[in-house]
Amino acid sequence: MSAYRSSWHTDELDALRELARTFCEKELQPHAERFAEQHQVDRELWNKAGELGLLCMSIPESYGGGGGSFAHEAVLIEEQARVGDTAWGASLHSGIVAHYLLAYGTEEQKRRWLPKMAGGEVVGAIAMTEPGTGSDLQNVKTKAIREGDEYVVNGAKTFITNGQQADLIIVVAKTNPEDRAAGISLVLVEADRAGFRRGRVLNKIGQKGQDTSELFFDDVRVPVANLLGEQEGLGFIQLMQQLPQERLIIAVGGVAGMESALAQTIAYTKDREAFGKPIFAFQNTKFTLAEVATETRVARVFVDDCVARHLKGELDIPTVAMAKWWVSDRAMAVADECLQLFGGYGYMTEYPISRMWTDARVQKIYAGTNEIMKEIIARSL
């Protein structure tokens, strides 16, 4: 089969891919089990990535970033997925949190935080989900009530990526609890503020190395200058404007994971023998892998089209919702088919395919459940 090259790729991105691949193979892949045991990556991993220029690559150089585009972020996301890493929350830090600051931050906020995020000195997180509120962001209960020149933040958040290591958290809160969408604002909370505390790292069925955490805000006082945006009440609009990139990030990682699962399974079935011949020689194996290869290529072409559109500023919300739900759904199906071909070994945690299977499941849930994605698509019909 002829080699496929993404339509948005360039020679410059090829050079970046070599750097990203080396970094992932050296700094992520060998430490997967240790990251899972400690439920977080090593803190210095962020600093190493920052020194190499692998953080905030799509942030302008004037704010300490790489001056690139989403394509640069996509390359690192793909290489991280290729080695099966889900522990390091770099795509959220660089592709999501940094872009909220870039899009809505004041000049002072951008100059204060973005260079530190690009260097790995500061780790970013965004706190949306609450114990009683998931996809229904209009119903968040966390409050940021203004008292003089300060906001007093009270509430609890859960399922927060980078929760244990974050130095800066974008908190989705109600500045006007009487309103739904119009009452929501985004407020920056530094992790060293009095009244902020981290809860437990949540025990998940997959993505064990990711420090997905509970966060608590008890009368946390932050200056009014920590508001993201020109005025209160813009938070819901800001979320809706940035969520499409988050969903595209999931699709990019999902298709790269599909490609990795396929490559690993082809290699395994050609090496492993049963009844005197390679497993690959059986018709069922060949047909299954033919189906997986086809689904993977279809997903790749669709996601590449979405990336190309996004780079031009033309990717619409329903289309990225299609990409998020369909790729995450098929990525889970592909992982399942591939695991089956590994037989009993596929169920053993030392084989990467088993971790890919458990890690893939949450893609159908976070950044808006796939049911929400279908609702978004249906509204456009």
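Which residues are exposed on the other side of H11? Glu371 and Arg379 are the residues exposed there. The legends below describe this helix and several other close-up views of a predicted model.

**Figure 1. Buried and exposed residues of helix H11 (residues 370–379).** Within this helix, Asn370, Met373, Ile376 and Ile377 are buried. These buried residues lie on the same side of H11, because they cover an arc of only 110 degrees around the axis. Glu371 and Arg379, on the other side of H11, are exposed. The cover over the buried residues of H11 includes helix H7 (235–271) and H9.

**Figure 2. The three spans that UniProt lists as domains, each from an unreviewed entry.** Residues 10–121 carry the UniProt feature "domain: Acyl-CoA dehydrogenase/oxidase N-terminal". This span is 67% helix and 0% strand, with its end C-alpha atoms 30 Å apart. The feature "domain: Acyl-CoA oxidase/dehydrogenase middle" is placed by UniProt at residues 125–220. Here the chain is 0% helix and 49% strand, and the end C-alpha atoms are separated by 17 Å. For residues 235–381, the UniProt record gives "domain: Acyl-CoA dehydrogenase/oxidase C-terminal". Residues 235–381 are 75% helix and 3% strand, and their end C-alpha atoms lie 27 Å apart.

**Figure 3. The salt bridge between Glu78 and Arg17.** The closest N and O atoms of this pair are 2.5 Å apart. Glu78 belongs to helix H4 (residues 70–82) and Arg17 to helix H1 (residues 11–28), so the salt bridge ties together parts that are 61 residues apart in sequence. Glu78 is buried, with a relative accessible area of 5%. Arg17 is likewise buried, at a relative accessible area of 15%. A search of the whole structure finds 26 salt bridges.

**Figure 4. The salt bridge between Asp167 and Arg43.** The two side chains meet at 3.4 Å, N to O. This pair links distant parts of the chain, 124 residues apart. Asp167 lies in the loop between strand E3 (150–160) and strand E4 (168–174), whereas Arg43 lies in helix H3 (residues 43–51). Asp167 is partly exposed, with a relative accessible area of 27%. Arg43 also counts as partly exposed, at 26% relative accessibility.

**Figure 5. A salt bridge within helix H4, formed by Arg82 and Glu79.** The closest N and O atoms of Arg82 and Glu79 are 3.0 Å apart. Both residues lie in helix H4, where they are three residues apart, about one turn of the helix. Arg82 is partly exposed, with a relative accessible area of 29%. Glu79 counts as buried, at 2% relative accessibility. Salt bridges that share partners join both residues into one network with Arg17, Arg21, Glu25, Glu78, Glu259, Arg300 and Asp304.

**Figure 6. Ser260 in helix H7 and its contacts.** Ser260 is buried, with a relative accessible area of 7%. When neighbours within four places in sequence are left aside, Ser260 is in contact with Ala81, Arg82 and Met356. One of these contacts, Arg82, lies in helix H4 and forms the salt bridge with Glu79.

**Figure 7. Ala173 in strand E4 and its surroundings.** Ala173 counts as buried, at 1% relative accessibility. Residues up to four places away in sequence not being counted, Ala173 touches Thr142, Lys143, Ala144, Gly183, Ile184 and Ser185. Ala173 and Thr269 are separated by 96 residues in sequence and by 51 Å in space, C-alpha to C-alpha.

**Figure 8. A nonpolar surface patch made by Tyr345, Tyr347 and Met348.** The area of the patch is about 340 Å². Tyr347 is located in the loop between helix H9 (317–341) and helix H10 (352–360). Tyr347 is exposed, because its relative accessible area of 63% is over the 50% cut-off.

How values were computed. Residues are numbered from 1 along each chain as its sequence is written. This is a predicted model: local features need pLDDT of at least 70, side-chain atom pairs count only at pLDDT 80 or more; totals for chains, interfaces and linings use all residues. Side-chain values use heavy atoms; hydrogens and water are left out. UniProt positions are given in the numbering used here, feature names are shortened, and annotations may be inferred rather than shown by experiment. Helices (H or I, at least four residues) and strands (E, at least two) are DSSP runs, numbered from the N terminus. Patches are made of residues with over 30% relative accessible area and no salt bridge: like charges are joined within 9 Å, nonpolar side chains (Val, Leu, Ile, Met, Phe, Trp, Tyr) within 5 Å. Accessible areas come from the Shrake-Rupley method with a 1.4 Å probe; for residues, only the protein chains shown count as cover. A salt bridge is a side-chain nitrogen of Lys or Arg within 4 Å of a carboxyl oxygen of Asp or Glu. Buried means under 20% relative accessible area, exposed over 50%, partly exposed in between (1.4 Å probe, protein chains only). The arc is that of the directions from the helix axis to the C-beta atoms. Contact means heavy atoms within 4.5 Å.
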